[in-house]
Amino acid sequence: MTAAPTTPTASTTVKTVDFAPFLDGSDRQGVADAILESFKSIGFVYLTNHGLPQDKIASMFKWSKQLFALPMEIKQLAPHPESGAHHRGYSAPGREKVQKRTHAGNDTTEERPEVQRDIKENFEVGREDYEEMPNIWYPDGILPGFKEACLDFYWTCNEMEKGILKALALGFNLPEDYFAAFHSNSENQLRLLHYPSIPASVLEDKEASRIPSHSDYGSITILFQDDVGGLEVEDPNSPGNYIPVPPVPGSIVVNAADFLMRWSNDTIKSTVHRVRTPPYIETDSGKMIPSRYSIPYFCGADSSVVVDCIPGTWSADRPKRYSPTSAGEYITSRLVANYK
């Protein structure tokens with residue numbers, strides 16, 4: 001049985017941090033400390049006054065809705081490759097699966113239920129000049145302007161990433177460009193997500209899920225939610241219980257991912273999260289689950305750079321828990337598993 005949301009305590013709520021004092025320089029250290037503290041306690045943070053234009057965010061959601069409203073045969077003209085290591089293009093509902101995670105961030109063991117197929121569709125974009133993983137676009141004449149809108153939003157989010165990484169570096173009492181130096185290639189992923197409206201009975205099948213509990217793979221994720229919401233975060237102090245992270249107007253949600261947790265020698269939490277099924281709607285056809293849209297921007301370190309534990313996160317009394325590794329080696333192994 002799925003655990004119900006729990007009532008969060010003060011130590012496990014997702015904090016809201018005003019990013020404006022960092023952007024205008026009036027209290028950069030205070031903002032940095034607040035973000036890092038939230039990452040250490042629960043792995044997530046709301047950022048308000050983040051500097052991303054709200055009209056640009058709204059425009060990207062509009063493009064997303066136009067895309068997913070197209071007939072399936074049209075959407076399939078920019079197909080995600082069979083290889084799970086090439087995350088670009090369109091994936092139909094059920095194409096991807098997410099490795100179900102425990103609160104400790106471990107892969108599902110054989111004793112746990114089989115991984116569920118996600119009832120969602122998505123479209124993924126990277127930087128246009130990334131030869132190792134080229135983008136997959138629709139033929140000319142299909143959704144004119146979509147490509148340009150995606151790339152513009154990709155680079156807008158990339159600027160937001162730079163600011164957050166600078167804040168994290170200050171939080172660790174490191175030079176501002178410490179993390180930026182490991183993220184110079186912008187090997188990121190913009191994902192447009194749509195959870196279609198479906199009969200409530202479909203989700204009674206244990207092999208199907210809106211999106212099961214999981215953690216992200218890279219450094220950080222920047223998330224834009226619609227007003228349907230549904231995001232829940234596992235309470236680090238009460239495994240199996242989940243805390244709602246509802247949409248807050250004008251804010252973005254930022255979470256730490258597995259590679260950053262490893263990089264921080266586990267001082268930062270990469271918290272398991274899931275998408276709760278929203279309340280059903282009674283229709284003439286029966287009980288229906290409403291559709292939901294979200295846009296995550298996954299940020300990863302340069303794939304070829306080998307990193308060691310962050311200075312200050314280890315000592316003789318708290319030795320390094322991980323050997324040096326590259327983001328590419330670590331993340332690719334995780335991505336491939338999603339398409340097996």
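Start with one residue pair: threonine 16 has tyrosine 46, in strand S2, as its bridge partner. That contact belongs to a stretch where S1 and S2 (residues 44-48) run parallel, paired over four bridges. Keep in mind that this is a predicted model. From here, we can work outwards to the two sheets, a helix that crosses one set of strands, and the aromatic side chains.

**The eight-stranded sheet**
- S1 and S2 sit at one end of an open, eight-stranded sheet with the order S1-S2-S13-S10-S17-S6-S5-S3.
- Pairing in this sheet is mixed.
- Its edges are S1 (15-18) and S3 (89-91), each with a pairing partner on one side only.
- On average, neighbouring strands here are turned by 25° against each other, if you ignore direction.
- As a reminder, strands of a sheet pair through backbone hydrogen bonds, in either a parallel or an antiparallel way.

**A helix across the strands**
- Helix H5 (residues 146-171) lies across six strands: S2, S5 (121-125), S6 (189-195), S10 (220-225), S13 (252-256) and S17 (292-299).
- Against S10, H5 runs at about 125°.

**The three-stranded sheet**
- There's also an open sheet of three strands, ordered S7-S16-S15, and its pairing is antiparallel.
- S7 (198-199) and S15 (281-283) are the edge strands, so to speak the outer pair, since each one pairs on one side only.
- S15 is joined to S16 (residues 286-289) by three bridges, with the two strands antiparallel.
- If you want a residue to click on, try glutamate 282: its bridge partner in S16 is lysine 287.

**Aromatic rings**
- You'll find 17 aromatic pairs in the structure.
- Take tyrosine 154 and tryptophan 155: their ring centres are 5.0 Å apart and their planes stand at 80°, so the pair counts as edge-to-face, given that the cut-off for that label is over 60 degrees.
- Tyrosine 154 is buried, at 0% relative accessible area, whereas tryptophan 155 is partly exposed at 37%.
- One aromatic cluster is made up of Phe172, Tyr178, Phe179, Phe182, Phe259, Trp263 and Tyr330.

**Lysines over rings**
- Lysine 65 lies over the face of tyrosine 293, 5.4 Å from the ring centre.
- Lysine 320 has its charged end over the ring of tryptophan 314, at 4.3 Å from the centre of that ring.

How values were computed:
Residues are numbered from 1 along each chain as its sequence is written. This is a predicted model: local features need pLDDT of at least 70, side-chain atom pairs count only at pLDDT 80 or more; totals for chains, interfaces and linings use all residues. Side-chain values use heavy atoms; hydrogens and water are left out. Axes are lines fitted to C-alpha atoms, for helices over the stretch in contact, and angles run from 0 to 180 degrees between N-to-C directions. Contact means heavy atoms within 4.5 Å. Rings of Phe, Tyr and Trp (its six-membered ring) pair if their centres lie within 6.5 Å; planes under 30 degrees apart count as stacked, over 60 as edge-to-face and the rest as tilted. Buried means under 20% relative accessible area, exposed over 50%, partly exposed in between (1.4 Å probe, protein chains only). A charge sits over a ring if NZ of Lys or CZ of Arg is within 6 Å of the ring centre and within 35 degrees of the ring normal.
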